[in-house]
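Good morning, and thank you for coming. Please take a moment to look at the sequence and the model before I begin.

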2 protein chains.
Amino acid sequence: MDKQAEMQPNSRTVNGNEEEKQVSKKALKKKQKEAEKAAKKAQHAQQQSAAEPEDDYSTGRYGNLPIIQSKERVDRCFAEVKDLNPKLKDEKVWLRARVQTSRSKGKQCFLVLRHQKWTVQALICVGPNVSKPMVRFSAAISKESIVDVEGFVRTVDPKIEACSQQDVELHCEQIWVVSAAVPRLPLQVEDASRPEDSEELATVNQDTRLDNRVIDLRTTTNQAVYRIEAGICRLFREYLTKQNFVEIHTPKIISAASEGGANVFEVSYFKGSAYLAQSPQLYKQMAICGDFDRVFTVGAVFRAEDSNTHRHLTEFVGLDMEMAFKYHYHEVLHVIGELFVNLFKGLRDNFQDEIATVNKQYPSEPFKFLEPSLVLEYKEGVRMLQESGVEMGEEEDLSTPAEKLLGRLVKAKYDTDFYILDKFPLAVRPFYTMPDPNDKRWSNSYDMFMRGEEILSGAQRIHDPEMLAARAKSMDVDVEKIRSYVESFRYGAPPHAGGGIGLERVTMLYLGLDNIRKVSLFPRDPKRLTP
Amino acid sequence: MDKQAEMQPNSRTVNGNEEEKQVSKKALKKKQKEAEKAAKKAQHAQQQSAAEPEDDYSTGRYGNLPIIQSKERVDRCFAEVKDLNPKLKDEKVWLRARVQTSRSKGKQCFLVLRHQKWTVQALICVGPNVSKPMVRFSAAISKESIVDVEGFVRTVDPKIEACSQQDVELHCEQIWVVSAAVPRLPLQVEDASRPEDSEELATVNQDTRLDNRVIDLRTTTNQAVYRIEAGICRLFREYLTKQNFVEIHTPKIISAASEGGANVFEVSYFKGSAYLAQSPQLYKQMAICGDFDRVFTVGAVFRAEDSNTHRHLTEFVGLDMEMAFKYHYHEVLHVIGELFVNLFKGLRDNFQDEIATVNKQYPSEPFKFLEPSLVLEYKEGVRMLQESGVEMGEEEDLSTPAEKLLGRLVKAKYDTDFYILDKFPLAVRPFYTMPDPNDKRWSNSYDMFMRGEEILSGAQRIHDPEMLAARAKSMDVDVEKIRSYVESFRYGAPPHAGGGIGLERVTMLYLGLDNIRKVSLFPRDPKRLTP
């Protein structure tokens with residue numbers, strides 16, 4: 001049609017729905033050959049259709065659309081795949097969707113069309129409006145291409161088990177390619193959708209997924225995961241907003257590596273240098289000193305740790321909150337506990353479909369929680385571990401295996417996947433943590449755990465400038481570097497406590513997933529900066 | 001009482017509510033002297049009270065609390081300043097608040113107590129439960145200190161004009177200092193609360209404010225500004241969530257300076273280097289290619305521009321959205337237009353108090369908007385400017401003064417402070433902008449303006465990989481560096497458009513403020529990295 005239309009790739013291929021093993025080099029080669037063969041076949045089919053224009057009574061009913069460049073507004077009502085059901089029987093609808101699979105046989109071509117997590121079968125079958133060349137064209141459309149189809153909704157019996165819309169199919173009379181996918185995809189959506197322990201059938205490894213994230217994100221599992229993650233953010237904010245918290249935004253570029261100095265990314269800042277904030281901690285506290293009383297913030301936090309584990313990222317989303325209290329930091333602990341109960345209920349009640357979808361590919365036990373949340377003292381946790389044979393001192397920090405074991409012990413004893421561990425040893429917490437006034441070994445600090453892994457760390461903060469400076473000094477923090485932070489408390493500061501939640505960890509652990517890269521849209525770790 | 005109590009500063013001062021001129025060196029010196037004098041006086045008062053313990057029948061009713069370290073839970077119900085009204089007449093209440101001002105005269109001490117934007121008068125007057133030393137102690141409490149008071153709510157006549165709670169005052173029988181402010185504050189909250197054109201009375205300049213942000217944030221204006229800003233975020237998210245947008249989080253650390261390469265901060269990333277994202281643009285688009293159809297994200301964006309203007313920050317909060325459409329990018333333009341109408345209505349209807357509060361210090365005309373939003377074509381905007389005597393070509397970019405003038409022209413003609421300028425010249429837009437299919441001089445792109453300043457930039461993006469690579473090449477963008485971005489479109493991509501909104505600009509312009517540093521909690525510019 002015009003210049004832009006010419007720029008669209010012309011090659012098409014038939015990619016049957018044969019199943020493939022995990023992509024090995026050999027398999028890849030074979031695949032490439034098959035794809036080339038398919039491409040040739042498709043080209044041939046197209047040439048054929050071009051060669052027999054006179055007997056093609058379907059001309060004007062199929063083809064490649066020019067690039068949609070907003071040339072004109074088209075007044076056309078589209079149905080959505082998810083809404084196709086027997087109530088629409090015999091109605092004619094337009095649909096825009098991806099070609100998930102394609103299968104042709106003589107005068108018929110069956111496509112599975114997908115939109116997000118919904119699928120429907122479409123049939124292009126030779127008839128009064130559909131010519132043989134049109135069927136051939138349809139069969140040659142590459143998987144993952146986006147098409148517009150017009151057709152009649154027909155009920156079917158028996159049900160189409162392979163599709164989400166099982167009671168209907170679409171008998172197409174028009175089919176137009178809106179955006180063609182290349183014939184050779186780096187991964188197949190079907191393969192990326194399988195449980196990882198599939199022995200017979202192909203799966204896709206983590207790096208291939210992440211390298212080709214735009215395809216990987218199309219799996220029903222990922223469509224669900226990121227909706228759940230968005231839900232966690234929303235529930236976090238809604239609950240705190242109802243409790244009179246004010247949302248704030250804190251700077252990510254900071255002048256000094258405030259929290260001790262290690263594990264911080266350096267940034268060139270005009271002629272000088274700066275750092276990326278490891279948390280919004282100091283700024284949340286300044287907002288409290290600025291009389292906001294209750295604040296929360298959702299934003300990127302950065303850790304320059306060379307940790308290559310299943311649960312560390314160099315950049316993640318922090319859900320942070322801070323709150324002034326009257327006499328005891330348990331006033332805050334209570335609010336955070338309620339926040340989580342509210343979150344777990346919200347997920348359970350509003351995201352059951354999405355959770356079930358994720359469980360299909362990655363089975364896990366339903367997440368259990370108590371109301372009110374279980375609060376254990378650190379020393380009680382240590383005692384439980386000691387009773388299970390772990391050798392550790394009362395004031396020692398929890399190792400990762402101990403943390404996990406304690407999670408299992410708590411689950412066995414209290415039947416909850418979420419609990420709060422309160423009153424950590426002072427020695428293992430940052431300098432700004434308020435010491436326990438009754439016993440100097442302990443501190444007014446807490447961690448919270450989901451399925452045995454830490455997802456929140458928090459504490460009452462020292463709000464007295466002299467005490468803060470003294471604690472910093474005793475822990476070898478350069479007081480000069482945190483001067484403006486310490487100064488914040490010289491103008492009257494209310495007692496306050498708070499905490500920071502790792503969004504991706506909450507999503508991962510709620511869903512019982514085994515790797516944080518499964519819940520970060522474009523994860524960053526020491527070895528991955530792209531895409 | 002204990003070790004921690006000793007760490008609390010003992011010096012107190014009487015800082016009367018005398019008004020001061022903008023802080024000059026001389027004034028500062030004078031102030032210091034006064035403060036020292038006051039501190040001495042206060043010390044004297046305290047010593048006196050210590051010297052006459054036998055006749056102090058108020059012992060146990062006032063003093064400095066030890067640092068609140070959560071030693072015990074206190075079961076005490078607190079009233080809030082905002083809730084004090086004649087209905088509580090003669091009831092005894094506890095209150096925690098800041099001492100805003102203090103004035104003593106013989107046997108009486110008047111305090112204005114403040115919590116956030118609410119104030120109430122408190123009276124400590126010699127009587128059966130209140131001794132002279134207790135009055136002296138109260139008078140010596142430094143401004144901005146946090147106190148707990150217990151007292152009776154009494155109605156007053158005439159009204160107390162200086163307070164938000166005008167019909168009542170509190171007759172105190174206990175007063176305890178929770179957290180003392182230093183006697184010499186770097187700025188006075190009253191001064192920071194005045195209109196900038198106050199000729200008689202002191203005001204506080206921008207840098208002093210920002211250097212001492214924790215005090216500056218306590219003004220009723222700032223309490224209102226950041227609640228409005230939080231409201232803008234909330235309204236943005238709620239509207240888009242209702243329209244089936246999914247919230248996503250995009251990485252801030254990126255491997256290549258994707259959008260042309262200029263004005264980007266470099267980060268050391270383990271043994272290599274990386275950059276800070278100038279926008280979530282490419283990632284939003286990848287999410288669209290990943291079948292999310294409609295996405296939004298709220299997060300920090302970074303610009304290494306050495307622009308020292310009233311409206312540039314090096315780090316700000318981006319409210320970004322991206323949306324697949326069927327045939328014409330105006331489908332998206334319509335949604336964004338509706339988003340803004342919904343935002344303006346939400347602010348008008350839910351934040352009238354806060355807006356009025358800000359207007360008291362910074363007067364501005366009420367924000368006007370049309371429903372539906374006004375959409376002008378770029379060339380029509382140029383024509384209006386030309387008719388007003390501006391010499392510029394049709395395809396030239398708008399200068400900042402031209403932008404402002406156009407805002408005034410549009411306001412005069414259409415009576416709206418918000419409008420959309422559509423179909424910008426292709427030459428002045430980024431490489432990924434979709435050219436107008438009907439006229440190659442134009443593009444499917446738009447900016448949106450509030451009070452004559454740009455607050456959103458957006459466009460239909462090129463979703464065809466060949467066309468995208470060709471456009472990048474023609475604009476000297478290194479195609480190799482954006483390979484993974486271009487690749488995203490090879491697997492089938494729907495036509496899509498979107499835009500990015502600068503949160504601080506929206507807040508500033510909605511409120512008619514003159515500097516973006518007034519609406520950024522801890523602003524970052526080429527010269528400011530602290531606090």
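Let us start with R517(A), which counts as buried because its relative accessibility is 10%; buried here means under 20% relative accessible area, exposed means over 50%, and partly exposed lies in between, with a 1.4 Å probe and protein chains only. I should say at once that this is a predicted model, in which local features need pLDDT of at least 70 and side-chain atom pairs count only at pLDDT 80 or more, while totals for chains, interfaces and linings use all residues. Residues are numbered from 1 along each chain as its sequence is written, chains are lettered from A and ligands numbered from 1 in the order in which they are written, and side-chain values use heavy atoms, with hydrogens and water left out.

Where is R517(A) found along the chain? The residue belongs to the segment after α15 (503-510) of chain A. Helices are DSSP runs of H or I with at least four residues, strands are runs of E with at least two, and both are numbered from the N terminus.

What surrounds this side chain? Contact means heavy atoms within 4.5 Å. Leaving aside neighbours within four places in sequence, the residues in contact with R517(A) include Q206(A), L210(A), Y226(A), H310(A) and D525(A). T309(A) is also in contact with R517(A), and the backbone oxygen of T309(A) lies 3.0 Å from a polar atom of the R517(A) side chain.

I turn now to strand β16 of chain A, residues 445-450, where 6 of the 6 residues are buried. Both faces are covered: S445(A), D447(A) and F449(A) lie on one side, and Y446(A), M448(A) and M450(A) on the other.

Which strands pair with β16(A)? Two strands pair if DSSP finds at least two bridges between them. Strand β15, residues 418-422, pairs with β16(A) in the antiparallel sense over 5 bridges, and strand β17, residues 453-461, does so in the antiparallel sense over 6 bridges. M448(A) has I420(A) as a bridge partner in β15(A) and L456(A) as a bridge partner in β17(A). β16(A) and β17(A) form a hairpin with 2 residues between them; in the turn, R451(A) has a positive phi of about 45°.

Finally, the whole chain. Chain A has 15 helices and 18 strands, and 60% of its 531 residues are buried. Of the contacts with a separation of 6 or more, 71% involve residues 24 or more positions apart.

Technical notes: Polar contact = N/O pair within 3.5 Å; in protein donor to acceptor, adjacent residues only side chain to side chain.
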